[in-house]
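Hi everyone, thanks for coming along. I'd like to walk you through one structure today, so please have a look at it on the screen while I talk.

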Amino acid sequence: MRKKPPEERSAAISVVGLGVVRGGRTIISGLDVEVPTGSVVGLLGPSGSGKTTLMRSIVGVQDKVSGTVEVLGLPAGSPALRRRVGYVTQDASVYGDLTVWQNLDYFASLAGVPSRGRKGVVGKAVDDVGLGGHEKQRVGTLSGGEMSRVSLAAALVGDPELLVLDEPTVGLDPVLRRDLWSTFRGLAEGGKSLLVSSHVMDEAVQCHRLLLLRDGALVADVTPERLLAETGAPDAERAFLTLIDEANAAAEEGGDGRTPGAAPEPGPAAPATTASVPEEGTR
């Protein structure tokens, strides 16, 4: 049976009319986005564009949220999603006084991995993020990039259906970045869904779809191929800059900041419910 392409599959994430206010300032206003099941969706935008705020809203830890956010058919932040969603923040979320193996074994136990099969699960996660040989090393002695990889491995050990990754490749060398993106694509081929933010424009071409944000608004929802075709740019970085420049010009003229040539492509609609917002937001 032919697999449906990502754009024809149901939505793993459906965001409708999302609004986020922090400190009396609107960070996101009326945002509508979808992440199709079984796809890698890249989240791009300048610093302060709302990428991390959107991700926090999706995993249900952002405060002062309006609109609706549905994740895997449930309201964002629902207890039932805790083992179905893996979230990797920009800052390493692991224990510095434990070894790499101890960290991953602990997070695997929290994810409900049986003790009998935990060794194999942890070993695979270590291999997936390129940390072989560091299993017995205390995390606090690792480099920043290595600590980030431990955080990613901690998200992988639970075998989540959805991965929300906030700049997971920052600080990594080109070879490891290439290998991780190969892992991401393999996970999507296996039916998992990934939302990955990045500042590295050459990573955009690794995604099935791209969401480009500017000042909390959606500039474009487009495939990498269409992005290059519509802008006429020779690479993703210059295409991205073209869209941002056009959005800035539209905003100055009183427009909505959306680039006409990169309007959202048709996608499946999914019912949405009110997002859960249990914790105080950051960026």
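Let me start with a charged pair: the side chains of Asp-179 and Arg-178 meet in a salt bridge, at 3.2 Å from N to O. Before I go on, please keep in mind that this is a predicted model. Of these two residues, Asp-179 is partly exposed at 35% relative accessibility, while Arg-178 is exposed at 54%. There is also a network: Arg-177, Asp-202 and Glu-203 are joined by salt bridges that share partners.

How many salt bridges does the structure hold? The count is twelve, and I'd like to show you two others.

One of them is between Asp-128 and Lys-124, where the closest N and O atoms are 3.0 Å apart. Both residues belong to helix α3, which covers residues 115-128, and because they are four residues apart there, about one helical turn separates them. Asp-128 is partly exposed, with a relative accessible area of 24%, and Lys-124 is exposed, with 53%.

The other one pairs Asp-159 with Lys-192, and here the closest N and O atoms are 2.7 Å apart. Where do Asp-159 and Lys-192 lie? Asp-159 is in the loop between α4 and β7, and Lys-192 is in the loop between α5 (174-189) and β8 (193-197), so this salt bridge ties together parts that are 33 residues apart in sequence. Are the two partners buried or exposed? Asp-159 counts as exposed, at 53% relative accessibility, whereas Lys-192 is buried, with a relative accessible area of 16%.

Now to the sheets. There is an open sheet of six strands with mixed pairing, and the strand order is β6-β7-β8-β3-β9-β10. Why do β6 and β10 each have one side without a neighbour in the sheet? They stand at the edges: β6 (85-88) and β10 (217-222) each have a single partner strand, so one side of each is left free of a neighbour in the sheet. On average, and ignoring direction, neighbouring strands here are turned by 15 degrees against each other.

Let me zoom in on one pairing in that sheet. Strand β3, residues 40-44, runs parallel to strand β9, residues 209-214, and four bridges join them. If you want a residue to look for, Val-41 has Arg-209 as its bridge partner in β9.

There is a helix to place on this sheet too. Helix α4, residues 144-156, lies across β6 and β7 (162-166), and it runs at about 175 degrees to β6.

On to another sheet. This is an open sheet of four strands, in the order β2-β1-β4-β5, with antiparallel pairing. Its edges are β2 (25-36) and β5 (74-75); each of them has a single partner strand, so one side of each lacks a neighbour in the sheet. The strands β4 and β5 run antiparallel and are joined by two bridges. Across that pairing, Glu-70 stands opposite Pro-75 in β5. Helix α1 packs on this sheet and touches β1 (11-22), β2 and β4, with its direction making about 120 degrees with that of β1.

Staying with β4 for a moment, Val-65 sits in this strand, which spans residues 65-71. Val-65 is buried, with a relative accessible area of 18%. What is the C-alpha to C-alpha distance between Val-65 and Val-21? Those two are 44 residues apart in sequence, and 7.1 Å apart in space.

Back to α1, which covers residues 51-59 and contains Arg-56. This arginine is buried, at 10% relative accessible area. Which backbone oxygen does the side chain of Arg-56 reach? That of Val-61, at 2.7 Å.

My last stop is a pair of helices. Helix α6 (residues 224-231) and helix α7 (residues 236-252) have axes that come within 9 Å and cross at roughly 65 degrees. The crossing in which α6 passes α7 is left-handed. On the α6 side the contact is made by Leu-227, Leu-228 and Thr-231, and on the α7 side by Ala-236, Ala-239, Thr-242 and Leu-243.

That's the tour, and thanks for listening!

Conventions. Residues numbered from 1 in each chain as written. Predicted model: local features only at pLDDT ≥ 70, side-chain atom pairs only at ≥ 80, totals over all residues. Heavy atoms only, no water. Buried < 20%, exposed > 50% of the residue type's maximum accessible area, 1.4 Å probe, protein only. Polar contact = N/O pair within 3.5 Å; in protein donor to acceptor, adjacent residues only side chain to side chain. Pairing = 2+ DSSP bridges. Axes fitted to C-alpha atoms, helices over the stretch in contact; angles between N-to-C directions. Contact = heavy atoms within 4.5 Å. Salt bridge = Lys/Arg side-chain N within 4 Å of Asp/Glu carboxyl O. Left-handed = near helix turned anticlockwise from the far one by under 90°.
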